[in-house]
Each structure stands twice: as structure tokens, then as C-alpha cells.
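Me: Can you walk me through this structure? I'd like short answers, please.
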Amino acid sequence: MLGRRRNEADPTNGTAGAANEPPAAAERNLASEVADYIRRCSEEHRLASRIEVAQSPLSIPDEDLDSLLETAGLQEDIRSVEGTKDVYYFSDRHMSPAFAKLTVRLEENDLLGMLVEQVRDDSRIYPRPTPARQFYNAPYRIEKEQLVTLLASLKADEEYEDIELFETTNGAQYLASRKFMHPDQAKAMAQLQEVEDPERFF
Amino acid sequence: MADYGGYTGKILRVNLSNEQITEESIEPYLPYLGGMGLGYRVMWNEVPAGTDPFEPENRVIVATGPLAGTGAPSSGRTNITSLLPSNPYRAVADSHMGGYFSTELKYAGWDAIIIQGRASRPVWLRIENDQVSIQDARRLWGKGTFDTIAMVTAMMGKTAQVAAIGPAGENQVNLSVIRTGSSHSAGGHGGIFGSKNLKAIGVLGDGAVHIKGERSEWLRADREMMQVIGANNQHVVPSTPQPWAEYHDPASRWTARDGLYWGAADPPVETENCEAGDVNRIGYRTQKGVKDHGPVAEEYTVKMGGCSACPIRCHSNLRVPQLEEYGYSANVSNTCMGYFSPGGVMVKGFFDTGVEREGPFIARTLGSQIADDLGLWFNYGQMGRDFAYAYDNGILQRVLPAAEYNEIPWDLLEAGDPRWMIDFFDRLAYKKGEISHFADGAYWIAERWNFGDDYWNSAKVKLWSPLGFPVHHSNESNGQVGALISCMFNRDAQSHTHQNFLFSGLPVSLTKEIAGELWGDPSAVDEPQNYTPMNRYKAVFAKWSIIRNVLHDSLSLCNWIWPMAASPLKERNYRGNTALESIFYSLATGIEKSEDELDLDAERVFTLHRALTVKQMGTTDMRNRHDGIVSWVFEKDPEKEPFTPGTIKLEREDMELAKTMLYEEMGWHSETGAPTRATLERLGMTDVADELASLNLLPT
């Protein structure tokens, strides 16, 4: 999903000239402006979608867009992330890939996908169970009723069968992915932070 | 004394029995650094085994380290050393407080105060630079700590710093504190001040603490520190996903985020997303009110407070108007257990205000005010669990005289009414009735009221040691590592070295990588709740954690922040700099020491603590008589085997192996855990070895 375009770029895919030749100076200048635009978006904590770049004040003709983005992607910090509706660009000087990935899900209103991805990442990377209440806060900002619906819909889809929703003895809801974390470990960690040692974790 | 920086070079000795005030050099104590180390050496030299904590012969040492007052980051701690009344052997222990007291003491020209004897009447100690006097405290005696501190401040001037006891200390309650500032308490030694008729110490200084090193080098070290420092407890990732952050952890104390405010500030202050490396927003990273109390605290938060020279402000300054209904000030400040411990006696829950979590919030802030004013300590939350055990098992009906039992307003407790604490804490602080023995400490109350094995062996009661101190980042913190650390002291272990590193918020894969670099192998660290059997690297990690804790308490650094094992910086691959203590020490004092050399000094300090414990307990059998662990640690989760996912249960034989490995790392006798002559001599303490030998307390 995430890509760093500079080295993986297929030179035959560009419009800047013959294969293996560097882009022309004019294109490089415009690409540099595109990169700067993407950086400004990242500084404002938002992604720049392909469509947005096209419609930006740079007014890039559609036929030049891919090539310019390709060239902009040659810059060290410019990265892309694919959503289901568009490709999004960001500068990793101002935005982490993890946050970009999350932001795409939120941007495309794929809340269930976002929730599942967050739970799997938590179980795989740290590992830790995910407190359901964290989704109320920024940057998720999911309403309580909406979260209830999302959690219920997890059960209905086989694709999410690795995701377990469970409660600690004080009634707090947690999620974890059985694929990446032993369920007993997840439950014990949640119980420790909710009930047995809450002062440390709350 | 040689011309060192950092140190003032002078120790103040006050004999309250004959009112002699003398000055001596810190030179003999330099091998012990200062603070905790200085305190242990004084106790070894001057307090015979068998001394009762409340006898005039006991000493109480209020000590700073060489970094106090230098402006080194997070260097505001004051270390207090004395015999601990709540310990069954009355063994030596330390209590610590933050605030500005140690800095002011250095400005007044003193590294430490050694207090001995007993005044014939209530007194307070007035220190204004080199003018030191013993003052009449009859007007202060009987006052709470808030009034006492205010009255001394009124006499000395508003920039004075005051450490005081409340009625609990005056009445020689075992679980009592010495308090300074608005919210900084040293738990366990208030009664020692009380036994000496010492109500308070006021300090005012107009000097400076000079550093020997190049100012540019100091600035460079400071700049690096500001880059690698995280939030409270050296949590290095934010609690929510943020644009700049690769990682996050909902349990992190780096709670600042867009949309989270100090809501009672005028105008409200948004904490915002505080990026790593943004040195001007470090003080916003920890919104501790919300961390401690939940979202309900946001609108009550005025600002964050803290200690001298600390960029991390971890005490929440709250304005809670509801407290005035109970007769207490609306302005309250504290952090973590300062709120949770007093509130822990609300064992039947909290009243409902109709606002989510507001009942517990009001009760905990009120409990903090009452306890701080009376000068009560709660043994790191243990008293609440002791009370719950006794109450729920009908023990109080058995042990309290009927008249006393019947006059106690149990209805308030049952209703979750916080006025219960007003009544209960008053009984504790003034030693009113049999119920007041809860403040003797866990060991003594269990003996007095004949608590059963179910008390000692209950995971819910959370005792750690048969000596009566509780879990404090023990087996829940990396299994054997936290367990070993918890066995070593004479009270709950106050070590956060391991805790901060393990729960920094970084993925365990990164934590293990760093562990491999610091302690020899990634297997020093386990995944939480998924432990592996003991290995040598865990022993190295445990030793390092202990001696860094001791180092910090000897230098006046805060072990809730230090050491810098990890950092929030991706460009450093999240590595910190564990040499920063030695860099600041060398620059401050002019005594050039490497990281290893300073760790060796700390090892000397902790081995002296061990030698003191051997002497005071009168046995070399530390393994069985001192380092014991209560049974629940090995019997928790009966359906699970140790070292399987989902349990923090340990295994007895493995834990004995763990002790052996730690003893070996420390150079102590591998069977008994007592310091050997060879190790004492290696650490320059031949006189300690000789004295232990004369007492037949050296292992053979």
C-alpha cells in the first residue's frame, strides 16, 4: 500500500523523455513545485490526493500529472499511499507512514477497515491489545453509537475472524488479532491495565 | 575540600538534644556521591544496629546530590535517609521528594543536613545561607502541613522552601510523610521528624551552584538531553496517533494532542500535538490531570507543575471548586499515587455525581488534600488494600472495641461518600483508637490483628514481600527483572529504571534491540505477559536498573525521568544516551568519570545498603530472610503454567536461580546474597567488611 516512488519508478512510464533519461529542466521545476505542494499539505497534517494535486493552484494538465508525480517522487521525502479511491502523497519529513496509512482510511471513510488495520497493527507491532475507547479520540473521533455498530459488524464478516472483541472484568472493551497475538496474552495485558494495575496505565 | 563544582562542600549537622549546630566537609562522603549514598554512609558510621527509629540516636539525613541546583535536567529531588518504622527490622530506607527544596539548600550553601538527638520542645530549623538557628515551633505544632509551610514562608520570605510534617508525623505515625511545596511528599519518615520534635525546616539561600566544566559543553549536553527526553516516565511516543509519530501507545503519559486542553487556564491552553525535538513544548507533553483521572479532569486543569530544573511537568495543578464544600481548598496538586493512594480507602466505590468519573475524581483530589495536610503516607497504595481486606473479612468487627466500632461512620464508606476519608484519616493521623493501627504499616497490622495466609497470599492484596511492602513494578514488569528489583530494598522498590524503559511505548522488537546493546542480549527483555525462563542478561538488566536508580537518588536526578535509555527520535533509531548522567556529573564537579566509573560508585552505594541491611537484620541469610516473595506470585492463574502466554506467574526454582544470578552480578555471596569481603574491598569499603566480620556477618 505504501510506496517510495523514487527508486522503484519505471522510467518507461514517464513522459519526460526517452527511457533512462533524466526529466527535462522545466519538468523538474514543476515537479519540484508539486513536491513543495505535497510538503505543505503534510505540514498541515493532511494528505495530498492525486486529484487534489491536479486541481491545485499548479493547474497541472491531466496528461502530465503521472509523470510529474513520478518526478516529484524522486525527492527523498515524498511518498505515496494507495487508497481504494485514489493515490495519496505525503512528505515523511512532516508525516509518518503510519499516520498516512491511517489518514487514508479516515479520508475514505473506511472506518471498519481502519479499525481492523489498527487492531492488527497493534497486535503485530507492539504487541498489545487495543482499547476500544481509544477510537473516540483524535484522530479517529468515532461516535459511541457508531463504534457499537462497527464492533457488531466485525462478527459478520469472515475476513475479520482473527479479530477478537473481549471485555475485562470491569467491563472495558478491547480488541486483538489472534493472527498476531496469543489471545491469552492480549486478555491478560488488558486485565492488568484495566483492573490489576490501573494507576500505571490509565 | 578540593575545589569541586556541583558540591557546596559543606554538610550541616544539627544536634537537637544539645542544640549544637556544626559544619563539616563532604569530602569523606565523595565516594558515595551524595544524596542516598551520603545518607547510607552516615547511617553506617553513626547508627548502631538495634536502634529504634524514634530514639534520639537515630539520624535523619536530608541530602542533595552534586547535580541539585546546577540546572541539570530533572535534578530537583531531595533524598531523606533514616530507619524506617514500618519495616519489621526498622531497617534503613530512603524517602524522596521533588520540588525546590534541594535546590534552595544548595543555594544556601549546604549539600546535606544530618539531624540527630531530640529537642526538648517543638522546634523548626531555620537556614538562611550560613545563618542556622533552632526556632520555637509551639505555634506550628498541631498545624497541618499547608498552614505550617505557609507560616514558615511568611516568616522567611516567599522564596524560601520549606519541608514540614503534619499531625501524623508529630504523633510518630509509622506511615507519615515529610512534605514540601504544594504537592511533594517523602513517604515513611515523617515520624522521625516528629520523634525529634522537629516540625519543619525552612531554607533560604542567595548563593549559586557553580559548575567546573566548559559552559559550551554543558549547553551541548543540555541540548542533547532536550532531544532525547520524552514525557513523564520517559515515555517516548504519544498516546494517540499523530502526524509526526511512527508509533503511539494509549498507555503513554505523552498525552498532549490537538484538542486536549488545560481547560481551567484563563484562557484555556491547548496542549496540541507536541513533536519530538520541539524543545519549547516539552512541558506540554504530559497532561497528567487527564492521565490520572480521565477526561473529566480536563476542565479542572489549570496547568502542570513540577520540580526544579525539570522540563517535564508531571504534577497536575487543578482547581476543583467542589472541594470547598468539604472545607478544603479548591486548589489541589499532585500526581499518580498521590491521588490514587488516599482514594484507595474508598473500598466500596464512589458516589455518583451524574457525570462520568466525576465521583472518583472529586474523592481522589479531596483525599489528596486531606492526606497531604495531615502528612499521612499510604505505603504506595497498600493501606487501601489492607483496609479492604480487613473490612471485607469482618476483621474490624473482631478487633475494634464495640464502642469504637459503633461510632465509626461506616455509612459514609458504604455510600462512597468522600467524607469517609475526613473521618478515617483523622483517626490515623491522631492515633485515635484501634483502627489507627492501619497506619503502622502492613507487616505490623497483620501481626497485630493476626491476618491469615489468605492476606499474604492474595494477588488482590498485592503484597510483594513477607516484610510487608507492596508490589511496585514487580513481576508485572518483565517477570524476574521486576521481581528481583522488588526484593532488594527495605520498602517498596522505587525503581523506575526498568519500568520506564519497558513501557516507553516502543514496539518490543525495538526494546529488545536496545536491550541487546545495553545488557548483552535481546533476551534480557520479554514480551509483556509472555515470559521466558531466567537468563544471565536479565540479571545484568536488573543490576543496571537498581544501580541507576541508586545513582539518580545519589545525584539528585529524578528516576521517574532518568535514565535516557530510549528516545523519541526516529533519526536516532529511538536510542537515547545512557552516558548523560556521567557527562553532567563530570561537567558539574570537574571530577572526570565515565559511565562505567559512575555506575561503579552507585554499585558501592547499593552494596553499602545491603551491608547495612545485613547488620540491622543480624543475619547473612538475605536470600531467605530478606529477599522472600509471597506465594501468590507463584500461584496466580492456577490454570496456567509459568512462561506461557497470558500470565505473570513466576516459578519458584527459576526465581531462586534469578537471585543467584543477581547476587553473582553484584559480587555478593551466591548462596546467601550477603556482600563478601572481596566485593567490599573491591568497592573500597574494607572498614565495612571489618565491622561485618567482627559481628560474624560476613559470608564464608
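Me: Where is Asn500(B) found?
Reply: Asn500(B) sits in helix H18 of chain B, which covers residues 497-502. One caution before going on: this is a predicted model.

Me: Noted. Is Asn500(B) buried or exposed?
Reply: Buried. Its relative accessible area is 3%, and the cut-off for buried is under 20%.

Me: What is Asn500(B) in contact with, leaving aside its neighbours within four places in sequence?
Reply: Asn500(B) contacts Asn233(B), Gln234(B), Asn559(B), Trp560(B), Ile561(B) and Trp562(B).

Me: Next, Leu30(B). Where does Leu30(B) lie?
Reply: In a loop of chain B, between strand S2 (20-25) and helix H1 (35-46). Leu30(B) still counts as buried, because its relative accessibility is 11% and the limit is under 20%.

Me: Which residues does Leu30(B) touch, not counting those up to four places away in sequence?
Reply: Tyr4(B) and Tyr7(B).

Me: And how many residues apart in sequence are Leu30(B) and Ile546(B)?
Reply: They are 516 residues apart in sequence. In space, their C-alpha atoms are 20 Å apart.

Me: Let's switch to the core. Which residues touch the most other members of the largest nonpolar core?
Reply: Leu376(B), Leu396(B), Trp410(B), Trp420(B), Phe425(B) and Phe438(B). That core has 175 residues.

Me: What is Leu376(B) in contact with, leaving aside neighbours within four places in sequence?
Reply: Its contacts include Val173(B), Leu175(B), Phe425(B) and Leu428(B). There is also a second, separate core of 29 residues, which includes Phe54(B), Trp110(B), Ile165(B) and Leu198(B).

Me: Now chain A. How many helices and strands does chain A have?
Reply: Nine helices and seven strands. Chain A has 202 residues, and 50% of them count as buried. Its accessible surface is about 9,800 Å², with 45% belonging to carbon and sulfur atoms.

Me: How many residues does each chain bring to the contact between chain A and chain B?
Reply: Chain A gives 33 residues and chain B gives 42. Together the two chains bury about 3,000 Å². Of that area, 55% is on carbon and sulfur atoms.

Me: How many salt bridges are there between chain A and chain B?
Reply: Five. One salt bridge joins the side chains of Lys462(B) and Asp197(A), at 3.9 Å from N to O. The interface also has 11 residue pairs in polar contact.

Me: Which helices of chain A supply at least two residues of the side that touches chain B?
Reply: H5 (97-107), H6 (111-125), H8 (183-196) and H9 (198-201). The largest share comes from H8(A), with six residues.

Me: Last topic: backbone oddities. Where are the cis peptide bonds?
Reply: One joins Ala138(A) and Pro139(A), with omega about 5 degrees. Pro139(A) lies in the loop between strand S5 (130-131) and helix H7 (144-154) of chain A. Another joins Asp266(B) and Pro267(B), with omega about 0 degrees. Pro267(B) is in the loop between strands S13 (261-262) and S14 (269-270) of chain B.

Me: Why point those out?
Reply: Because most peptide bonds are trans, and most residues other than glycine have a negative phi.

Me: So what is the phi of Asn197(B)?
Reply: It is positive, about 60 degrees, although Asn197(B) is not a glycine. Asn197(B) lies in the loop between helix H5 (190-195) and strand S12 (198-204) of chain B. At 18% relative accessibility, Asn197(B) counts as buried.

Me: And Cys336(B)?
Reply: Its phi is positive too, near 45 degrees. Cys336(B) is in the loop between strand S17 (331-334) and helix H8 (337-343) of chain B. Its relative accessibility is 14%, so Cys336(B) counts as buried.

Notes
Residues are numbered from 1 along each chain as its sequence is written. Chains are lettered from A and ligands numbered from 1 in the order in which they are written. This is a predicted model: local features need pLDDT of at least 70, side-chain atom pairs count only at pLDDT 80 or more; totals for chains, interfaces and linings use all residues. Side-chain values use heavy atoms; hydrogens and water are left out. Helices (H or I, at least four residues) and strands (E, at least two) are DSSP runs, numbered from the N terminus. Buried means under 20% relative accessible area, exposed over 50%, partly exposed in between (1.4 Å probe, protein chains only). Accessible areas come from the Shrake-Rupley method with a 1.4 Å probe; for residues, only the protein chains shown count as cover. A nonpolar core is a set of buried Ala, Val, Leu, Ile, Met, Phe, Trp, Tyr and Cys residues joined through side-chain atoms within 4.5 Å. Contact means heavy atoms within 4.5 Å. Buried area is the accessible area (1.4 Å probe) that two parts lose on being put together, summed over both. A salt bridge is a side-chain nitrogen of Lys or Arg within 4 Å of a carboxyl oxygen of Asp or Glu. A polar contact is a pair of N or O atoms within 3.5 Å; within protein, one must be able to donate a hydrogen and the other to accept it, and residues adjacent in sequence count only if both atoms are side-chain atoms.
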